[in-house]
Amino acid sequence: MRDELLPMLRAAADRTVALVRSIPEEELGRPTPCQEYDVKDLVNHMEWGASLFESVAGGGGFLPPKEYTGDFPERVERMLAVWERPESWEGVSEAMGGLPRTVLAHMALTDLVAHGWDLSRATGRPYEVPEETAARLLAFARDMAPMGRRQGAFGEEVAVPEDAPTLERFLGVIGRDPAWKP
C-alpha cells in the first residue's frame with residue numbers, strides 16, 4: 001500500500017503546493033467550490049489539514065484549526081516526512097476514531113487533490129491529476145462516501161455521467177460539481 005500511495009501523495013503535494021504558491025494576494029478573496037470558503041479560507045483549511053494528517057500519521061492527536069499563516073508548503077513537507085516512515089502506515093489512529101492509518105493516507109490524498117482542484121477552479125489555473133491517482137481516489141471515495149457525508153467531509157453526490165473523466169466522477173462522488181465556475 002505504502003509503495004503505491006506514497007508517490008501519489010508526493011505528486012499531489014507537489015502540484016498543490018505549486019498551485020498555492022502561484023496565487024497572488026489579490027486573489028485570496030475569490031469564491032471557491034467550497035461555499036463556506038474563499039481562497040484564503042480554503043488555504044487555511046488546507047494548512048490545518050496538512051498539520052492534522054502529520055499529527056495523526058505520527059500517532060498524535062486531533063488538532064484544532066488555527067488562523068491562516070501562509071505556511072502551507074512547509075506544513076505539507078512536514079506531513080510528507082511523517083508519511084515517509086513505514087510505521088506511519090501501520091495500525092490505527094485513536095485520534096481519528098480508530099481508522100486505519102492507510103485510510104488516513106487516502107484521506108490526505110483526497111484532501112490534497114480535491115482542494116487543489118477547488119483552488120484551480122477558483123483561480124483559473126490548471127490542475128492535472130494522473131489517471132492512476134484519479135482512479136484510486138474514485139474507488140476510495142465510493143467506499144467512504146457514506147461515512148464522509150455523515151462526518152461532513154463530503155457533500156451530497158453530484159450526478160456525473162459514467163463516461164466522464166475519472167477525476168470528474170471522483171469529484172461528483174465527494175459532492176463537487178465538475179462544471180463549477182466562479
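This is a short walk through the structure shown above, from one helix to the core and then to the open spaces. The model is predicted, so local features need pLDDT of at least 70 and side-chain atom pairs count only at pLDDT 80 or more, while totals for chains, interfaces and linings use all residues. Residues are numbered from 1 along each chain as its sequence is written, and side-chain values use heavy atoms, with hydrogens and water left out.

Let us start with helix H1, residues 2–21. Helices here are DSSP runs of H or I with at least four residues, strands are runs of E with at least two, and both are numbered from the N terminus. The expected span of a helix is 1.5 Å times one less than its number of residues. For the 20 residues of H1 that gives 28 Å, which agrees with the 27 Å between its end C-alpha atoms. Among the buried residues of H1 are Leu-5, Met-8, Leu-9, Ala-12, Arg-15 and Val-20. Buried means under 20% relative accessible area, exposed means over 50%, and partly exposed is in between (1.4 Å probe, protein chains only). The buried residues of H1 pack against H2, helix H3 (72–83), H4 and H5.

Two of these partners can be met through single residues. In helix H5 sits Arg-136, which counts as buried because its relative accessible area is 17%. Arg-136 touches Met-1, Glu-4, Leu-5, Met-8 and His-106, leaving out residues up to four places away in sequence; contact means heavy atoms within 4.5 Å. Helix H2 holds Val-43, which is buried at 4% relative accessibility. With the same sequence neighbours left out, Val-43 touches Val-20, Tyr-68, Phe-72 and Leu-119. Val-43 and Arg-21 are 22 residues apart along the chain, and their C-alpha atoms are separated by 11 Å.

Now for the core. In soluble globular proteins, nonpolar side chains tend to be buried together. A nonpolar core is a set of buried Ala, Val, Leu, Ile, Met, Phe, Trp, Tyr and Cys residues joined through side-chain atoms within 4.5 Å. The largest one here has 58 residues, and Leu-9, Trp-83, Val-113, Leu-119 and Phe-170 touch the most other members. H1, H2, H3, H4, H5 and helix H6 (166–173) each supply at least two of its residues, with the largest share, 11 residues, coming from H4. Beyond its neighbours within four places in sequence, Val-113 is in contact with residues including Ala-12, Tyr-127, Leu-137 and Phe-170.

Finally, the spaces. On a 1 Å grid over the protein atoms alone, a cavity is a set of points where a 1.4 Å probe fits but cannot get out, whereas a pocket is an open set with protein on both sides within 12 Å along at least five of seven lines; lining residues have an atom within 4 Å of a point. Points are joined across faces, edges and corners, and a volume is the space filled by probe spheres set on them. The largest pocket holds about 940 Å³. Its lining has 34 residues, with His-45, Asp-111, Gly-152, Ala-153 and Phe-154 nearest the centre. Helices H2 (39–57), H4 (101–123) and H5 (131–151) are the elements that give two or more residues to this lining.

The whole structure has one cavity of 30 Å³ or more, with a volume of about 50 Å³. Residues lining this cavity include Met-46, Phe-53, Met-79 and Asp-111. H2 gives the most to the cavity lining, with four residues.
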